[in-house]
Amino acid sequence: MGQREQWAGLTDAQLLAQCDIDTYRASGPGGQKRNKTSSAVRLRHSPSGLIVIAEESRSQHENKAKALRRLRQNMWLELREPPDVTHPALQTARDGDDRFSLGVRDPRYLPAVAAILDVFDSTNAAVRDAAAVLGTTTANLVSFLGADDRVWRAVNALRTKHKQSPLQS
């Protein structure tokens, strides 16, 4: 198990213990109370260097919970590890026809995406090469990764990193 999986699998309390937490007053609309309470939350995860914010709610507690969810999502989408085509997340993401097929709300989706993005990064963000390594078609790979806008942005960030043109959605 890599660092990313260990961090994402921590309880909220354990993950918060690894973070620097800043609270501040968010600007923008929200009525009289908005400018009187420090309800916005910024988490800085020291081990990974990831920073997330949540300031939508007037409740600091709700914003902290949203920031933790975003931090976990960003761990899966932004932290890369050496590719492992035998990763269990890749196997559970496949259907009976051996195609990648999970809904974006399925808790197994982001771990599978992370494993795919690791392979994608190792192939210089070339869709054809990543699909070949993963044993699927380019259509299946693009369809699976294109199901969620956040994932699609991560795909295109990797393509930019490897000096490839962005994929169209």
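**Close-up views of a predicted model**

**Contacts along the chain.** Among contacts in the chain between residues at least 6 apart in sequence, 52% join residues at least 24 apart. The model shown is a predicted one. Its C-alpha trace spans about 55 × 35 × 30 Å along the principal axes.

**Figure 1. Helices and strands in the chain.** The chain holds 8 helices and 3 strands. Followed along the sequence, these elements come in the pattern α-α-β-β-β-α-α-α-α-α-α. Two helices therefore precede the three strands, and six helices come after them.

**Figure 2. Surface and charges of the chain.** The chain has 169 residues, and 40% of them count as buried. Its accessible surface comes to about 9200 Å². Carbon and sulfur atoms account for 49% of that surface. The chain carries 24 positive and 19 negative charges. The mean positions of the two sets are 9 Å apart.

**Figure 3. Met1, ahead of helix H1.** Met1 lies in the segment before helix H1, which covers residues 3–8. Is Met1 buried or exposed? Its relative accessibility is 75%. The cut-off for exposed is over 50%, so Met1 counts as exposed. Met1 and His87 are 86 residues apart along the chain. In space, their C-alpha atoms are separated by 9.4 Å.

**Figure 4. Helix H3 packed with helix H5.** Helix H3 runs over residues 60–78, and helix H5 over residues 109–122. The two pack at an angle of about 30°. Their axes are 7 Å apart. Angles under 35 degrees count as roughly parallel, so H3 is roughly parallel to H5. Which residues of H3 meet H5? They are Gln73, Trp76 and Leu77. On the H5 side, the residues are Leu110, Pro111, Val113, Ala114 and Leu117.

**Figure 5. Helix H6 packed with helix H7.** Helix H6 takes in residues 127–134. Helix H7 takes in residues 138–145. At what angle do H6 and H7 pack? The angle is about 100°, and the axes are 9 Å apart. Angles of 65 to 115 degrees count as roughly perpendicular, so H6 and H7 are roughly perpendicular to each other. H6 brings Val127, Arg128, Ala130, Ala131 and Leu134 to the contact. H7 meets them with Thr138, Leu141 and Val142.

Methods: Residues numbered from 1 in each chain as written. Predicted model: local features only at pLDDT ≥ 70, side-chain atom pairs only at ≥ 80, totals over all residues. Heavy atoms only, no water. Helix = DSSP H or I, 4+ residues; strand = E, 2+ residues; numbered from the N terminus. Buried < 20%, exposed > 50% of the residue type's maximum accessible area, 1.4 Å probe, protein only. Contact = heavy atoms within 4.5 Å. Areas by Shrake-Rupley, 256 points an atom, 1.4 Å probe, with all protein chains shown as cover. Lys, Arg positive; Asp, Glu negative; His and termini not counted. Charge placed at Lys NZ, Arg CZ, Asp CG, Glu CD. Axes fitted to C-alpha atoms, helices over the stretch in contact; angles between N-to-C directions. Parallel < 35°, antiparallel > 145°, perpendicular 65-115°, else oblique.
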